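Hi,

Here is the structure I said I would pass on to you. Have a look at it first, and my notes follow underneath.

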Amino acid sequence: MTRRNDFRARNHPAYWAFFVHRVSGLALAAFLPLHLWVMGLAIHGEAALDGFLRFTDQALFKFGEWGMVVLLALHLMGGVRILLIEFGPWSGLRKNWIAGALGFGIAAGLAFALALIS
Amino acid sequence: MTSPVTQAKLWFWQRASAMVLAVGVLAHLAVMIYAVRGGLSAAEILGRTHGSRWFGTLYTLLVLACAVHVPLGLVTIAQEWLGWRGPRVTIGAGFFAIVIAILGLRAVYGVVAA
């Protein structure tokens with residue numbers, strides 16, 4: 001018999017931490033090849049890279065970049081939490097790290113946004 | 001289905017690459033927040049990275065760790081959310097790893113050495 005979790009098992013900080021980690025990982029995996037391809041334009045010289053950077057100098061792209069930065073920060077700290085759970089000396093779900101990861105994501109997002117508009 | 005030994009090995013590589021990425025991504029976040037001030041320009045980026053062993057080393061490590069970490073994560077998602085298993089998933093993940101490694105090392109070469 002296949003047992004399936006219902007919403008009660010999922011409405012829990014550790015489940016949301018898992019969900020954010022998974023969705024951010026998927027988004028980053030989709031973005032990464034594109035990002036690397038763009039940076040690789042530098043092989044054809046400064047003008048090639050600059051052409052694309054100027055093309056992306058629009059509000060929508062900037063918002064997308066900001067979103068990727070926030071997702072990267074969340075995935076980073078969510079990942080550190082997993083490493084602590086698996087390799088650290090404590091037991092438990094490290095819920096303090098879930099809060100910490102959220103705080104770090106917000107801080108990174110604010111810092112990037114401030115740098116973006118400066 | 002992959003054997004328990006293979007699964008343990010994949011888990012190990014996922015966590016080992018995560019440890020490299022934990023440090024590297026922190027550095028990358030700091031670089032991005034610094035770099036984006038006043039807008040991005042190729043001259044500014046390449047002025048920082050050209051000939052820099054620090055950038056070359058950091059981003060080579062990041063690319064290689066990504067080439068390990070990202071496909072393994074996608075394999076897990078394919079198994080758990082889509083129920084995909086078997087050689088096709090392994091081949092797909094291997095292909096994605098090679099794409100990231102090639103695109104990434106090409107980009108590092110472009111911004112540091114070209």
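Throughout, two residues are called in contact if their C-beta atoms, placed from the backbone, lie within 7 Å. By that rule, and leaving aside residues up to four places away in sequence, B:Cys66 touches A:Leu32, B:Ile100 and B:Gly104.

Some housekeeping: this is a predicted model, where local features need pLDDT of at least 70 and side-chain atom pairs count only at pLDDT 80 or more, while totals for chains, interfaces and linings use all residues. Residues are numbered from 1 along each chain as its sequence is written, and chains are lettered from A and ligands numbered from 1 in the order in which they are written.

Chain A has five helices and zero strands (DSSP runs, H or I of at least four residues for helices and E of at least two for strands, numbered from the N terminus). Its radius of gyration is 18 Å, well over the 13 Å that the globule rule gives for 118 residues, so chain A is more spread out than a compact globule. That radius is taken over C-alpha atoms, and the rule is 2.2 Å times the number of residues to the power 0.38. The C-alpha trace of chain A spans about 55 × 40 × 30 Å along its principal axes.

Now the contact between the chains: 31 residues of chain A meet 33 residues of chain B. On the chain A side, α2 (13-40), α3 (46-55), α4 (59-87) and α5 (95-117) each give two or more residues, and α2(A) gives the most, with 10 residues.

The largest nonpolar core (buried Ala, Val, Leu, Ile, Met, Phe, Trp, Tyr and Cys residues joined through C-beta atoms within 7 Å) has 37 residues, and A:Leu72, A:Ala73, B:Cys66, B:Ile100 and B:Val111 touch the most other members. Buried here means that 20 or more other C-beta atoms lie within 10 Å of a residue's own. Both chains supply this core, with α2, α4 and α5 of chain A and α1 (4-35), α2 (42-49), α3 (53-82) and α4 (87-113) of chain B each giving at least two residues. The most come from α4(A), with eight residues.

Finally, do look at α1(B), which bends by about 30 degrees at B:Leu21 (the angle between axes fitted to the seven residues ending there and the seven starting there). B:Leu21 is also buried, as are B:Ser17, B:Ala18, B:Gly24 and B:Val25 in that helix. The buried residues of α1(B) pack against α4 of chain A and α3 of chain B.

Best wishes

How values were computed: Buried ≥ 20, exposed ≤ 12 C-beta atoms within 10 Å, placed from the backbone.
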